[in-house]
Amino acid sequence: MSAFRDTAPSTTKHLLLLGAGPAHVELLKALATKPLPGLHCTLLAPSPNLVHAPMVPGLVAGHHPLSACSLDLRPLLQRANVTWLQHSARAVRATSRQLLLDDGGERHWDWLSIDNPLMPDREQMEKLLPGARQFGMFLRPTEAFCALWPRLQELAAKRALRLAVIGANVHAIELALALRQGLRGCAVSLLAGAQPPAHGQPQALRERLLAALRRHGIAVLPDSAVALRETEVELASGACLACDVPVIAFGAQPPAWLADSDLRLDPQGYIGVDSCQGALGHANVFAVGEAAARTKPVAAPAGQTAAAAGPHSMHAASAGRALARTLRALAAGKPASAYRPPRQPLTLLYSGNGRAIGHRGSWNEESRWVWQWKSWMDRRWMASVRGTG
């Protein structure tokens with residue numbers, strides 16, 4: 001299915017989905033349930049195999065098998081009558097409706113939607129943190145992290161490891177707590193940098209996360225990593241931290257090719273969008289999920305690149321459903337309605353020992369039932385994608 005030829009009639013609208021983020025997965029579900037007449041749809045993604053990122057802490061902690069967290073999108077693509085194109089983007093020319101591909105080819109569209117999950121730029125990361133590519137284990141992409149996870153388990157079974165999670169966002173904290181649970185006997189540190197962990201999150205949520213880190217004996221160091229070596233991490237203070245496996249959980253950012261596109265970006269490189277998730281200045285382009293300025297993560301501490309650090313990813317499903325409604329309205333010649341993200345988003349975060357923190361507005365709780373609720377929601381979403389629920 002990696003080859004693609006556009007044989008659709010000229011009257012057919014071509015929708016090009018760039019990236020297999022969760023909002024696009026939700027759109028695919030909507031198209032599989034109720035096809036849009038006169039629409040020819042293509043998904044551009046390097047692989048049809050995905051890992052549901054919110055389930056990674058449960059995998060690491062030992063609550064989920066990998067099979068429960070990963071899925072093959074091809075059955076859903078078949079149900080939605082969507083073609084998968086195995087490529088990556090090199091640039092978008094929104095004015096001329098051109099997408100330049102990594103192999104030098106190009107594709108045209110009537111509508112384009114962008115939902116690329118944020119990834120670290122390996123070359124930029126190596127400049128910022130020398131040794132990252134050789135010695136670091138990256139949390140993103142989650143598919144690569146999960147592929148390496150069994151090897152880390154095997155290594156930890158032979159001897160107690162010294163692990164350092166580099167990052168201060170909520171996903172870094174979740175991962176540190178999950179590593180402490182899943183690799184018992186291993187020492188886990190969190191290199192948070194100058195800002196306090198979970199900086200930018202509500203105070204009640206930050207206090208819950210900090211208490212969980214203390215309770216599970218995770219050392220939180222207010223220092224930044226400046227270089228990685230085989231058995232240690234060099235810190236900005238001049239000290240060195242003994243470390244067998246540094247896990248890099250910051251540095252995710254919009255794809256570099258956006259800078260070479262004619263889309264309107266904000267100062268951090270995220271796509272500017274209107275109330276209908278349309279790219280500013282381009283009525284036929286949409287941006288949903290993490291790459292959109294409207295839902296971009298919390299700003300990173302000084303000296304770090306932008307970090308994936310917010311609960312917004314849990315609400316990508318609503319953005320995908322809103323996009324489906326917008327496309328149906330446009331296809332019928334009707335105006336699109338505004339998408340209003342939740343004012344008080346629900347956040348569910350793993351906190352160790354089979355517990356999770358739930359936060360929404362003034363509600364804040366940590367318990368086993370919150371973890372069971374989160375697990376149930378994740379499993380239900382995965383079943384809906386697989387077509388079994």
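Arg162 and Asp244 form a salt bridge in this predicted model, and their closest N and O atoms are 3.0 Å apart. Arg162 sits in strand E12, while Asp244 belongs to the loop between E17 and E18, so this pair ties together parts of the chain that are 82 residues apart in sequence. If you colour the two by accessibility, you will find Arg162 partly exposed, at 35% relative accessibility. Asp244, in contrast, is buried, with a relative accessible area of 16%, and the cut-off for that label is under 20%.

Asp244 has another partner to look at. Its side chain also meets that of Arg159 in a salt bridge, at 3.5 Å from N to O. Here too distant parts of the chain are linked: Arg159 is in the loop between H7 and strand E12 (162-166), and Asp244 lies between strand E17 (240-242) and strand E18 (245-248), 85 residues away. Arg159 is partly exposed, with a relative accessible area of 44%. As background, side chains of opposite charge can pair when their charged atoms come close.

How many salt bridges does the model hold? The count comes to 13. One of them joins Asp260 and Arg93, whose side chains meet at 3.7 Å, N to O. Asp260 is in the loop between E19 and E20 and Arg93 is in strand E6 (residues 89-93), so the bridge ties together parts that are 167 residues apart in sequence. Both ends are partly exposed: Asp260 has a relative accessible area of 45%, and Arg93 has one of 25%.

Let us go back to Asp244 and follow the chain to the strand that precedes its loop, E17. E17 belongs to an open sheet of three strands, ordered E15-E16-E17, with antiparallel pairing. Strand E15 (225-228) and E17 are the edge strands, each pairing on one side only. Neighbouring strands of this sheet are turned against each other by 30 degrees on average, with direction ignored. Strand E16 (residues 232-235) pairs with E17 over three bridges in the antiparallel sense. For a place to centre your view, take Glu234, whose bridge partner in E17 is Cys240. Strands of a sheet in general pair through backbone hydrogen bonds, either parallel or antiparallel.

Now for the nonpolar interior. The largest nonpolar core has 82 residues, and those touching the most other members are Leu43, Leu73, Phe145, Leu152, Leu163, Val165 and Leu179. Which helix gives the most to this core? That is helix H8 (residues 170-182), with eight residues. Another core lies apart from it, with 21 residues, among them Leu44, Leu85, Leu101 and Ile114. Leu152 makes a good starting point for exploring the larger set: leaving aside neighbours within four places in sequence, Leu152 is in contact with Met137, Leu161, Leu163, Leu179, Leu183 and Val245. This fits a broad pattern, as nonpolar side chains tend to be buried together in soluble globular proteins.

The backbone has some features that a torsion plot will pick out. Most residues other than glycine have a negative phi, and most peptide bonds are trans. Where does the model depart from trans? The peptide bond from Arg140 to Pro141 is cis, with omega near 0 degrees. Pro141 is placed in the loop between strand E11 (137-138) and helix H7 (142-158).

Two non-glycine residues with a positive phi are also worth a visit. Gln277 has a phi of about 70 degrees and is found in the loop between strand E19 (252-253) and strand E20 (285-287). Asn353 has a phi of about 55 degrees, and its loop runs between strand E21 (347-352) and strand E22 (355-360). Is each of these buried or partly exposed? Gln277 counts as buried, because its relative accessibility is 4%, whereas Asn353 is partly exposed, at 35%.

A last stop is His64, in the loop between helix H2 (56-61) and helix H3 (66-69). His64 counts as buried because its relative accessibility is 9%. Not counting residues up to four places away in sequence, His64 touches Met55, Gly58, Leu59, Cys69, Trp371 and Ser375.

Key. Residues numbered from 1 in each chain as written. Predicted model: local features only at pLDDT ≥ 70, side-chain atom pairs only at ≥ 80, totals over all residues. Heavy atoms only, no water. Helix = DSSP H or I, 4+ residues; strand = E, 2+ residues; numbered from the N terminus. Buried < 20%, exposed > 50% of the residue type's maximum accessible area, 1.4 Å probe, protein only. Contact = heavy atoms within 4.5 Å. Core = buried A, V, L, I, M, F, W, Y, C linked by side-chain atoms within 4.5 Å. Salt bridge = Lys/Arg side-chain N within 4 Å of Asp/Glu carboxyl O. Pairing = 2+ DSSP bridges. Axes fitted to C-alpha atoms, helices over the stretch in contact; angles between N-to-C directions.
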